[in-house]
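Q: I'm new to this structure and would like a close look at a single part of it. Could you walk me through one helix and the company it keeps?

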Amino acid sequence: MNHFLNLVFPSVANQHFSGFSIALWFFMALALLSTVRSLLHLFAKDGGAGSIAGLDLSKGDKNIIFSFALWGQSQLIYALLQLLVAFRYQSLVPLFYLILFVEIIGRMAVGRMKPPVLLRGRPPGGYANLIALPLSVLMFVLSL
């Protein structure tokens, strides 16, 4: 079994994290938060589309709920990769902060290009982006 795990998760020459420890601890917390967020989208009855994002589901649009569940599933894969990096491949933390930055910029761009019709104000992720964007840059610098 140990041989199999070493084949799937090989040790690497540069596993050591050389940045500030706060950047690593923040990344670990971010990985756990990503896991919770993904599970909410995956398992919430409405995928979080109405209950979290505030989308109008009065017509019972199962396609939106399906899309949110798929989003949750892809977020879970990303969160599991974050956890793997946080606990096994810590030298990749700076790269994952760059990936996070690009992902946030992409989400914000999609929100501007294709704005949703919401029943109430901006969803929590919309506010979180405004905080996470500069934090991702700061933590990237601190992780180097």
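A: Here is a quick look at the whole chain, followed by a closer look at helix H4 and its contacts with H2 and H5.

First, a bit of context. What you see is a predicted model. The protein chain has five helices and zero strands, so reading along the sequence gives the pattern α-α-α-α-α. Its C-alpha trace spans about 55 × 40 × 20 Å along the principal axes. Of the 144 residues, 31% count as buried. The accessible surface comes to about 9,300 Å², and carbon and sulfur atoms account for 73% of that. If you take contacts between residues at least 6 apart in sequence, 74% of them join residues at least 24 apart.

Now for H4 itself, which covers residues 93-113. Let's start with its meeting with H5, the helix made of residues 124-143. The two axes come within 9 Å and cross at roughly 155°. Anything over 145 degrees counts as roughly antiparallel, and that is why H4 and H5 get that description. Their crossing is left-handed.

Who touches whom here? On the H4 side, you'll find Val93, Pro94, Tyr97, Leu98, Leu100, Phe101, Ile104, Ile105, Arg107 and Met108. Facing them from H5 are Gly125, Asn129, Leu130, Ala132, Leu133, Ser136, Val137, Met139, Phe140 and Ser143. Sort the residues of this contact by type and you get 15 nonpolar, four polar and one charged.

H4 also meets H2, which runs over residues 21-43. These axes come within 11 Å and cross at roughly 50°, an angle that makes the two helices oblique to each other. This crossing, too, is left-handed.

In this contact, H2 brings Ala23, Leu24, Phe26, Phe27, Leu30 and Arg37, while H4 offers Val93, Phe96, Tyr97, Leu100 and Arg107. The tally by type is nine nonpolar, no polar and two charged.

Here's a fun detail to look for in the model: some H4 residues turn up in both contacts. Val93, Tyr97, Leu100 and Arg107 meet H2 residues and are also among those that meet H5. Phe96 is listed in the contact with H2, and Ile104 is one of the residues in the contact with H5.

So, to put H4 in a nutshell: it lies oblique to H2 and roughly antiparallel to H5, with nonpolar residues numbering nine in the contact with H2 and 15 in the contact with H5.

Terms used. Residues are numbered from 1 along each chain as its sequence is written. This is a predicted model: local features need pLDDT of at least 70, side-chain atom pairs count only at pLDDT 80 or more; totals for chains, interfaces and linings use all residues. Side-chain values use heavy atoms; hydrogens and water are left out. Axes are lines fitted to C-alpha atoms, for helices over the stretch in contact, and angles run from 0 to 180 degrees between N-to-C directions. Helices (H or I, at least four residues) and strands (E, at least two) are DSSP runs, numbered from the N terminus. Angles under 35 degrees count as roughly parallel, over 145 as roughly antiparallel, 65 to 115 as roughly perpendicular and the rest as oblique. A crossing is left-handed if the near helix is turned anticlockwise from the far one by less than a right angle, and right-handed if clockwise. Contact means heavy atoms within 4.5 Å. Ala, Val, Leu, Ile, Met, Phe, Trp, Tyr, Cys and Pro count as nonpolar, Asp, Glu, Lys and Arg as charged, and the others, Gly among them, as polar. Buried means under 20% relative accessible area, exposed over 50%, partly exposed in between (1.4 Å probe, protein chains only). Accessible areas come from the Shrake-Rupley method with a 1.4 Å probe; for residues, only the protein chains shown count as cover.
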